[in-house]
Amino acid sequence: MVNISLIPAFQDNYIWLLTNNNQAVVVDPGQAAPVEQVLAERELTLTSILITHHHHDHTGGVKALLANWPHAKVYAPANKPLPALGAIAVNDGDKVTLPELGMEFEVMAVPGHTLDHIAYIEPNGVAGEPLLFCGDTLFSGGCGRLFEGTPEQMHRSLTRFAALPDNTRVYCAHEYTQSNLAFCHAVEPNNAELQKYLQKVAKLRQQGIPTVPSSIGQEKAINVFLRTHLDSVRASTEAHAGAELDEYIKVFAALRRWKDDF
Ligand SMILES: [Zn+2]
């Protein structure tokens with residue numbers, strides 16, 4: 001049985017740790033030291049590393065981890081600095097088989113935050129719930145900033161996530177939920193599901209408890225970036241932008257700009 005836990009890194013990054021017996025897989029190790037500490041405490045062997053995109057806070061620990069675990073395999077987009085670290089380049093439609101977990105991940109290209117961004121999906125998942133490791137593309141209540149890609153690319157990437165089963169667990173790479181929800185509330189002040197979730201998240205954060213993983217069903221109910229097709233989101237985005245937004249993609253682009261200044 002695969003166990004999934006998180007290792008906090010930097011200010012608000014989460015490095016996801018998947019274990020089965022004493023074998024360990026990590027996703028986006030931006031730092032090596034906190035990972036090594038957990039591996040030592042739990043007497044785990046690092047076997048594989050999955051990378052979602054090239055940003056340093058997702059890749060900075062790879063080199064040091066490989067120095068200690070030379071047999072670990074790294075799966076990553078074909079983008080600097082990862083090939084230099086011996087990573088196996090993967091892209092949309094590829095499969096990553098991890099026999100140590102008894103799992104097979106499907107790779108989905110999800111450009112937007114960066115052009116090289118990929119996500120890893122395990123359709124069978126754990127306890128019948130599929131798994132999505134989405135890096136900085138989707139957050140609970142938000143989506144990644146558009147550092148490299150276009151609004152069209154990000155909208156398409158999020159639309160592909162939204163088509164996953166509702167019970168898909170969403171393992172994002174940052175604890176941004178509370179500030180994201182403040183923005184969602186500004187956009188949709190009358191969303192009852194959002195108000196419930198706001199309260200739940202506030203309680204968790206007061207106790208220092210992570211708010212993730214979320215689920216695709218939860219995000220479709222509260223995350224305005226997955227709700228640009230709804231009149232409520234369009235109307236308030238039009239009011240903020242002071243312009244008519246007659247296509248979903250225009251709503252999405254204006255919403256992302258609004259969030260950047262929020
Ligand atoms: Zn990033």
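Contact here means heavy atoms within 4.5 Å. The exercises below concern a predicted model.

**Exercise 1. Determine where threonine 47 lies, whether it is buried or exposed, and which residues it touches.**

Step 1. Threonine 47 belongs to strand 4, which spans residues 45–50.
Step 2. The cut-off for a buried residue is a relative accessible area under 20%. Threonine 47 has a relative accessible area of 16% and is therefore buried.
Step 3. Not counting residues up to four places away in sequence, threonine 47 touches Gln23, Ala24, Val25, His71, Ala72, Lys73 and Glu100.

**Exercise 2. Describe the coordination of the zinc ion, and explain why the arrangement is irregular.**

Step 1. The donor atoms are NE2 of His53, ND1 of His55, NE2 of His113 and OD of Asp136, at 2.2 to 2.3 Å from the zinc ion.
Step 2. Along the chain, these donors follow the spacing H-x1-H-x57-H-x22-D.
Step 3. Histidine 55 is in the loop between strand 4 and helix 2 (56–59), whereas histidine 113 is in the loop between strand 8 (103–109) and strand 9 (118–126); the pair therefore ties together parts that are 58 residues apart in sequence.
Step 4. Four donors count as tetrahedral if all angles lie between 85 and 135 degrees. The angles subtended by the four donor atoms around the zinc ion run from 91 to 167°, which makes the arrangement irregular.
Step 5. Two of the ligands may be checked for accessibility. Histidine 55 is buried at a relative accessible area of 17%, and histidine 113 is buried at 4%.

**Exercise 3. Identify which residues of the largest nonpolar core touch the most other members, and list the contacts of leucine 18.**

Step 1. The largest nonpolar core has 58 residues, of which Leu18, Val96, Tyr120, Leu132, Phe133, Leu158 and Phe161 touch the most other members.
Step 2. Leaving aside neighbours within four places in sequence, leucine 18 is in contact with Val2, Asn3, Ile4, Gln23, Ala24, Val25, Val27, Leu101, Met103, Phe105, Leu131 and Phe133.
Step 3. Apart from the largest core lies another, of 22 residues, which includes Ile15, Val26, Val35 and Ile51.
Step 4. A general tendency provides the background: in soluble globular proteins, nonpolar side chains tend to be buried together.

**Exercise 4. Establish how the buried residues are arranged around helix 4 and around helix 6.**

Step 1. Helix 4 (residues 151–162) has twelve residues, and its span from first to last C-alpha is 16 Å, close to the 16 Å expected at 1.5 Å a residue.
Step 2. The buried residues in helix 4 are Met154, His155, Ser157, Leu158 and Phe161. Viewed down the axis of helix 4, they fall within an arc of 160° and so line one face of the helix.
Step 3. Helix 6 (residues 192–206) has 15 residues and a span of 22 Å from first to last C-alpha, close to the expected 21 Å.
Step 4. In helix 6, Leu194, Tyr197, Val201 and Leu204 are buried. Their arc around the axis is only 85°, which puts them on the same side of helix 6.
Step 5. The face of helix 6 turned away from the buried side carries the exposed residues Ala192, Lys196, Gln199, Lys203 and Gln206.
Step 6. The cover over the buried residues of helix 6 includes helix 5 (177–187), strand 14 (214–215) and helix 7 (216–222).

**Exercise 5. Place isoleucine 249 and list its contacts.**

Step 1. Isoleucine 249 is in helix 9 (residues 248–261) and is buried, with a relative accessible area of 18%.
Step 2. Leaving aside neighbours within four places in sequence, isoleucine 249 is in contact with Pro151, Glu152 and His155.
Step 3. The C-alpha atoms of isoleucine 249 and glutamine 153 are separated by 9.8 Å, although these residues are 96 apart along the chain.

**Exercise 6. Examine the backbone at proline 213, asparagine 21 and alanine 127.**

Step 1. The reference is general: most residues other than glycine have a negative phi, and most peptide bonds are trans.
Step 2. The peptide bond from valine 212 to proline 213 is cis, with omega near 10°. Proline 213 is in the loop between helix 6 and strand 14.
Step 3. Asparagine 21, though not a glycine, has a positive phi of about 55°. Asparagine 21 is in the loop between strand 2 (13–20) and strand 3 (23–27) and is exposed at 72% relative accessibility.
Step 4. Alanine 127, also not a glycine, has a positive phi of about 55°. Alanine 127 is in the loop between strand 9 and strand 10 (129–135) and is exposed, with a relative accessible area of 66%.

Conventions
Residues are numbered from 1 along each chain as its sequence is written. This is a predicted model: local features need pLDDT of at least 70, side-chain atom pairs count only at pLDDT 80 or more; totals for chains, interfaces and linings use all residues. Side-chain values use heavy atoms; hydrogens and water are left out. Helices (H or I, at least four residues) and strands (E, at least two) are DSSP runs, numbered from the N terminus. Buried means under 20% relative accessible area, exposed over 50%, partly exposed in between (1.4 Å probe, protein chains only). A nonpolar core is a set of buried Ala, Val, Leu, Ile, Met, Phe, Trp, Tyr and Cys residues joined through side-chain atoms within 4.5 Å. Donors are N, O and S atoms within 2.8 Å of the metal (3.2 Å for Na, K and Ca); water is not among the atoms, so sites may look incomplete. Four donors count as tetrahedral if all angles lie between 85 and 135 degrees; four count as square planar and six as octahedral if opposite donors are over 155 degrees apart and all others between 65 and 115; anything else is irregular. The expected span of a helix is 1.5 Å times one less than its number of residues. The arc is that of the directions from the helix axis to the C-beta atoms.
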